[in-house]
Amino acid sequence: MTLKTLSPGPRPAGDVRSKRRTSLGRSGLKASGTNVRDRAERRLAVRMTAPSLILMALVAAVPIGYALWLSLNQYSVRTAGLSRFVGLDNYSSALASHEWWAAFGQTFLFAGLSVSLELVLGTAMALLLNLAFKGRALLRTVVLLPYAIVTVVSAITWETMFQPNLGLVTNVLSALGLPGGDVAWLGEQGYAMAVIVLADVWKTTPFAALLILAGLQVISAETYEAAELDGAGKWQTFVHITLPLLRPAIVLAAIFRTMDALRVFDLPFVLTRGANGTESMSMLAYSQLRENRLIGEGSALSILTFLTVMAVSIVYIRFAGGNIREVAKEDQ
Amino acid sequence: MDFTPSSIPMRVAAATKTITGCSTPHSRRHITMAAAALTAVLLLSGCGGGPASQGTENAAAADPASAANASGNLNICGGKDASGIYRGTAAAFTKENPGITAKFTEIGATTDEARTQAVQRLEGKSTECDIFLLDVIWTSEFASQGWLLDQTKLVEANKDRLIPSTLETTKFEDKYWGSPFFTNAGLIYYSKNRVSRPETWTQLYADAAKAPGNGYVYQGKQYEGLTVNFLELLYSAGGEVLDEKGEVKVDSPETRKVLDFMAEGLEKGSADRAVLTYNEDATRLAYESGDYGYERNWPHVYRLLNATKLAGTFDVAPLPSFDGSSKASGVLGGWNLGISVHSTNPGAAVSFINFATTPEWQKHVAIDFSQAPVNEAAYSDPVVLAKMPFAKELLASVKGAKPRPVSPVYPQISQAIHKNVYAVLSGTVGTDEAVKKMAEEIKTAKASF
Amino acid sequence: MSTVTATGTTAARADRSHPTRRGVASLGPGRRPGKFGPGKRRLRGEARLHPLVWVFVVAVMSFSLVPFYWLINTSLKTGSSLGEGELFPSQPTLDNYVSVFGSSEFLLAMRNSVIIAVVTTCVALIFASFAAYALARLKMRRKGLILTLILSVTTFPAIAIAAPMFSIWREIGLYDTLPGLIIPKLTFALPLAIYTLTSFFREIPRELEESAYIDGASPFQAFRKVILPLAVPGLATTAILVFISVWNEFLLAVTLTTSPAARPVPVAIAFFNGTSEFDQPLGTISAASVIITVPLVVLVLVCQKRIVSGMTAGAVKG
């Protein structure tokens, strides 16, 4: 059986047990040196991560390395086949440009607004989905619907909803006598960003809600019963028990949502084409790489975007805690 | 499925071995041993450029005589075939030339994507496509990269049957790099009961501001469409972006006049601020609501408008002059046929181009596919007139229209235009500042490596 | 079984361990539906729903459904009524649905999408649960570095990767094939799956595995027999997230395919023909978008029972 071949062989079970029980710390384990088991475990770890890592290396490493190389060169858009090595020039000119920093600021504004709304709303939704009531299955399906819509289609839907005279939102506002019915939402500074944030919140809150819901599942009933016995109120229970226990799930949702939000492309591309202060870092990279075919400059912008997103993710993991940080800190 | 996991490494190895010859002096100097794998890929995808041929002077040319004995397969690649013209023409051509089998391959769902896909194939020296459908604004870019066969001889031979303005879009550095297939020009649709026929832009804007239902809708979203809408006004006011020598001439009184005029139109209610979010389709839908007096759009709208409750209430006019003191002028759209330098069957490609541009087939272009012919006689054909009652207006627009700035860096130039025009229209930047910035950015673009 | 064995020591350790573990530590016994009848709980939960909670339920439902309603509304309109912005279509028609289902290319795309999404999700779950178990539980060097590398794979902008991948895929014959889409989609879905599962595996109390070790299990057996069954909610959640992200991915799909034989649904929708190069066929696009949510709804209905496994029904009170 595959199980047998993969398993590291016979091991003194009782020994492990006593070791773990007596020396709670990992260092203790290491010091006492269960070498055979140790090595077997490491070998298993390597075998279990290998398929994923090899696949990623095969598929992603070459294109990523290629983009890195491109970013160190300039390729002529005027003369066929001409290129030159420019070192880090593409990076320094990007970092000296107004466009990059404008896009940088706008992207962070978008990400900050949308991710915080998504986490708050996602947590609330998850709590709701976790309640036992009739129609919960229906609610769960309904809540997930937006996430299932193809991104470009959801962008088009939001675009038409906010079109003056034609859209659902503008029509309803007019019918109710509220202001905003005659506003070209996507044509105005500020409003345009608001619509984009709203569309993103609509589409991706289910992602956060689902992760947080799964996090809620592993909090046991006893924990709450204990809190109840201690006389904690509902709000106190939520703040002091639920929220801390949900932290790993929330941090996880935050990492992936922030990563995606910082690379936002489809929504502003369809809704505004980057007008009215909505151009994102990815759009800037796209416009140089694809539209203008400034391959070196565009690759440098892609890599700057990548570095920015990575930096934010690492800061998140380090400072927001959660299980991923615990794993990352283990280097044994 | 033609795929087994074990075969991949072998194929990769084989692919790596086949790479030879394509490198630049610079890349050679800097590639180290460690980057060998990268180099392979770099070379695989064509060094980020085309073949090593320098400039457009020594470019290979398409030979008109090669069409005579052409046979085999011909693959035509282009964007989405909404009107059916690409497949339709390929089928008709195959029927008429039994020795050649022409087929159409849809390589992109949008114009942007079709360009990306074409570029990827050309950079990779793919022989998949013999003919590329080229948006008129791509021609100089593709020519300067050495991706197209020089069609000068072919165009010279077919010149008599082609409208001169449409030929200008295929010209770059005094050679022709494509043949026009079908063209396009802006038209003004207007509600004939409420507003008067537009003779000048100033009159159109004045009429549009007179009553709430008279408003003018156009493409004001920040994209290529805004460049076109702005250039139509600029050209009709006698302004230009680049002069004949390619010098930047956009920092001019005409540019300022037109920008102020457009911004004032938004302030005084000639046009709704909603136009700042409109592309062609949104413009059409807005006009179809019946709340507007004038619409700037392409010819395809005619048929769609006639299918709505507005049928019979509107009329079509060519784009007007600015204020009567200058000539009316517009901007040409449409698609050209370019032959890939990597084509394995250029003779069949020449034969296809000859077929597509015949006066006879150009009538079908209008009758069967509702596109604007590149042959003048087609516009007065009775069947065409029955199908396109506005053919006279369309011909006037086409003949009066000019190409958008001809340059290999056109995408950057267009961006400099629509971003700065948008900034003025939305009121975030003053005219003077925007014009200076536009000129500066176009100069930077022209100085691109 | 082993879960029961572990419970004895759980309570004693819970107080000293990390706060995130505390609640989780008692997960084992809590899972036994026999001990805490879910029926009783559910009744209590239902009785306690505050009116304000109902208001919130309605608000959440509306927020999710209103744009979806607009999509359905659009899908029931054709021709010029598309531009009229009516809140209720005056002449609703199913023409768009008929034409979508009548298109053999769309049906082919549905088939492609289902194959791609199912295969990718299954393989991703297997690969990722292996990797996640190693990261969460086993001794290994440079976990921080490995996590960073994994993350960087998804963080890299896809537009910078698409062009070189196009060239390589053409060279090795993967261009315009289903495996040619599954492989990259799997690669870029793995990081999300690995992170999610790593986080979930950490939530499972170590004591449960240790008691499995006492029973003579190898680490791999502990993974298969103890961890995996307990991680079902996490696996189901991951499955949904991976499935949907693979289903909706567009850029790689459009870059790496050229014919209807390999095109998945989002690309096929983009290729729907309008009346001209300037317009998008909003009606058919909307109809197709509504249709393709159906497989996802089915998926959610199937998976959601797994997300809420026995013990947790009605666990959260307020």
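This tour proceeds through selections in chains A, B and C, from the shared core to single residues.

The model is predicted: local features need pLDDT of at least 70 and side-chain atom pairs count only at pLDDT 80 or more, while totals for chains, interfaces and linings use all residues. Residues are numbered from 1 along each chain as its sequence is written, and chains are lettered from A and ligands numbered from 1 in the order in which they are written.

**Core**

Select A:Ile212 and A:Ala253, the residues with the most contacts inside the largest nonpolar core, which has 341 residues. Such a core is a set of buried Ala, Val, Leu, Ile, Met, Phe, Trp, Tyr and Cys residues joined through C-beta atoms within 7 Å. A residue is buried if 20 or more other C-beta atoms lie within 10 Å of its own, exposed if 12 or fewer, and partly exposed in between, with C-beta atoms placed from the backbone. Helix H10 (residues 191-217) of chain A gives the most to this core, with 18 residues; helices (H or I, at least four residues) and strands (E, at least two) are DSSP runs, numbered from the N terminus. Not counting residues up to four places away in sequence, A:Ile212 touches A:Gly122, A:Thr123, A:Ala126, A:Leu246, A:Ala249, A:Ile250 and A:Ala253. Contact here requires C-beta atoms, placed from the backbone, within 7 Å.

**Chain C and its partners**

Next, display chain C, which has 16 helices and zero strands. Of its 318 residues, 58% count as buried. Colour the contact between chains C and A: 109 residues come from chain C and 106 residues from chain A. On the side of chain C that touches chain A, helix H10 (residues 178-203) of chain C gives the most, with 13 residues. That side has 68 nonpolar, 30 polar and eleven charged residues, where Ala, Val, Leu, Ile, Met, Phe, Trp, Tyr, Cys and Pro count as nonpolar, Asp, Glu, Lys and Arg as charged, and the others, Gly among them, as polar.

Then turn to chain B, of which 32 residues are in contact with 29 residues of chain C. Helix H1 (7-17), helix H3 (36-44), strand S2 (100-108), helix H5 (111-123) and helix H12 (280-288) of chain B each supply at least two residues of this side of chain B.

**Domains of chain B**

Colour domain 1 (71-184 + 333-400) and domain 2 (187-331 + 409-447) of chain B separately; the bounds come from an automatic or database domain assignment. Their C-alpha centres lie 27 Å apart. In chain B, 13 residues of domain 1 are in contact with 14 residues of domain 2. H17(B) gives the most to the domain 1 side of this contact, with five residues.

**Helix H9 of chain B**

Select residues 201-210 of chain B, helix H9, whose buried residues are B:Trp201, B:Leu204, B:Tyr205, B:Asp207 and B:Ala208. These buried residues cover an arc of only 165 degrees around the axis, which puts them on the same side of H9(B); the arc is that of the directions from the helix axis to the C-beta atoms. Their cover includes strand S8 (216-217), helix H10 (224-236), helix H11 (253-268) and strand S9 (294-297) of chain B.

**Final stop**

Finish at B:Asn375, in the loop between helix H15 (359-367) and helix H16 (382-387) of chain B. B:Asn375 counts as buried because it has 25 C-beta neighbours inside 10 Å. Not counting residues up to four places away in sequence, B:Asn375 touches B:Arg161, B:Leu162, B:Pro359 and B:Gln362. A distance label between the C-alpha atoms of B:Asn375 and B:Pro164 should read 9.5 Å, although the two are 211 residues apart along the chain.

Note on methods:
Two residues are in contact if their C-beta atoms, placed from the backbone, lie within 7 Å.
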